[in-house]
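Visitor: Could you take me on a close look at the aromatic rings in this model, and at what sits around them? I would enjoy one connected tour.

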Amino acid sequence: MTSTQSKACCTVPPVVAKGYKQKGDYSTIEGMKTYATGPKSAKSAILVVYDIFGFFPQTLQGADILAHADKEHQYQVFMPDFFDGKPADISWYPPDNEEKGKKLGEFFKTSAAPPKTLERIPKVLKQIEAERPDIKEWAIVGYCWGGKIVNLISQKGTPFKAAAACHPAMVDANDASGVTIPYAMFPSKDEPKDDVEKWQANIKVKNVVRWWPNQVHGFMAARADLKDEKVKEDYQKAYEELLSFFHDNM
């Protein structure tokens, strides 16, 4: 099952390849440093679950795009620091030797263990809504590891109206059948095709799966090499499509 999306709503501004200056600022939500961007009068909000490398300029730029690029439907966007100032080191990826693999494996078992993050999300929304009562609806997007978190939080009883996973890690067909909200998945060439196809065969709600066959895992977040024109072009297109999905489902 797929949906069509209207592109007219969303015009992504020119992507900055180097030296990006963020548009938002930081506050403390549930004890976590949290990046917040977008007009405070917006009635819709998006929670961003970053990848394991935390607050990278490419990821912050993505949050700003989500907040401002849909002129008809702007968003308040929030990105909490779920790793409490201790993200993974980007030099660990790809895990092409034993030491890197060990460090990444340990990180996924500890700081990035999904239950730790999943239990914090409702508390984050509660505090934000108390401080910004204009917010009436939420979407969620996750990158890489964050894609797994998004899948798990999109089950029955979710507080979100729409969800998206960009180059998601740990795609599991068993997670798909419980998803209860419109869902977009943007796999890169590095995501296992079989895993994604099995996942899509199991999902029962409106969904979009859009492959980015020329891009690596992480191209919309910390691993985006925006100095490469082809990466930059797909980064921009991917954000346009992501915004169109949220526009159509919120």
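Guide: Gladly! A charge counts as sitting over a ring if NZ of Lys or CZ of Arg is within 6 Å of the ring centre and within 35 degrees of the ring normal. Please keep in mind that this is a predicted model. With that rule in hand, look at tyrosine 26: the charged end of lysine 33 sits over its ring, 4.3 Å from the centre. A second case involves arginine 210, whose charged end lies over the ring of tryptophan 212 at 3.8 Å from the ring centre.

Let us stay with tyrosine 26 for a moment. Ring pairs join Tyr26 to a cluster that also holds Tyr35, Tyr50, Phe55, Phe83, Trp92, Phe107 and Trp145. As for the strands here, S1 covers residues 25-29 and S2 covers residues 32-37, and the two pair in the antiparallel sense over five bridges. At the turn, isoleucine 29 has methionine 32 in S2 as its bridge partner. The hairpin has two residues between the strands, and glutamate 30 takes a positive phi near 50° there.

Now for the ring pairs in general: the count comes to 13 aromatic pairs. One worth a closer look joins phenylalanine 78 and tryptophan 138; their ring centres are 5.8 Å apart and their planes stand at 45°, so this pair is tilted. Phenylalanine 78 belongs to strand S4 (residues 75-80) and tryptophan 138 to strand S5 (residues 137-143), so the pair ties together parts that are 60 residues apart in sequence. Phenylalanine 78 and tryptophan 138 are both buried.

From the rings we can step over to helix H5, which spans residues 145-153 and contains lysine 148. Lysine 148 has a relative accessible area of 12%; the cut-off for buried is under 20%, so lysine 148 is buried. A polar atom of the lysine 148 side chain lies 3.3 Å from the backbone oxygen of methionine 170. Leaving aside residues up to four places away in sequence, lysine 148 touches Ala169, Met170, Asp172 and Asp175.

Finally, let us step back to the whole protein. There are eight helices and eight strands, and buried residues make up 54% of the 250 residues. Of the contacts with a separation of 6 or more, 73% come from residues 24 or more positions apart. The C-alpha trace spans about 50 × 40 × 40 Å along its principal axes. The radius of gyration is 17 Å, which agrees with the value near 18 Å for a compact globule of 250 residues.

Note on methods. Residues are numbered from 1 along each chain as its sequence is written. This is a predicted model: local features need pLDDT of at least 70, side-chain atom pairs count only at pLDDT 80 or more; totals for chains, interfaces and linings use all residues. Side-chain values use heavy atoms; hydrogens and water are left out. Helices (H or I, at least four residues) and strands (E, at least two) are DSSP runs, numbered from the N terminus. Buried means under 20% relative accessible area, exposed over 50%, partly exposed in between (1.4 Å probe, protein chains only). A polar contact is a pair of N or O atoms within 3.5 Å; within protein, one must be able to donate a hydrogen and the other to accept it, and residues adjacent in sequence count only if both atoms are side-chain atoms. Contact means heavy atoms within 4.5 Å. Rings of Phe, Tyr and Trp (its six-membered ring) pair if their centres lie within 6.5 Å; planes under 30 degrees apart count as stacked, over 60 as edge-to-face and the rest as tilted. Two strands pair if DSSP finds at least two bridges between them. The radius of gyration is taken over C-alpha atoms; the globule rule is 2.2 Å times the number of residues to the power 0.38.
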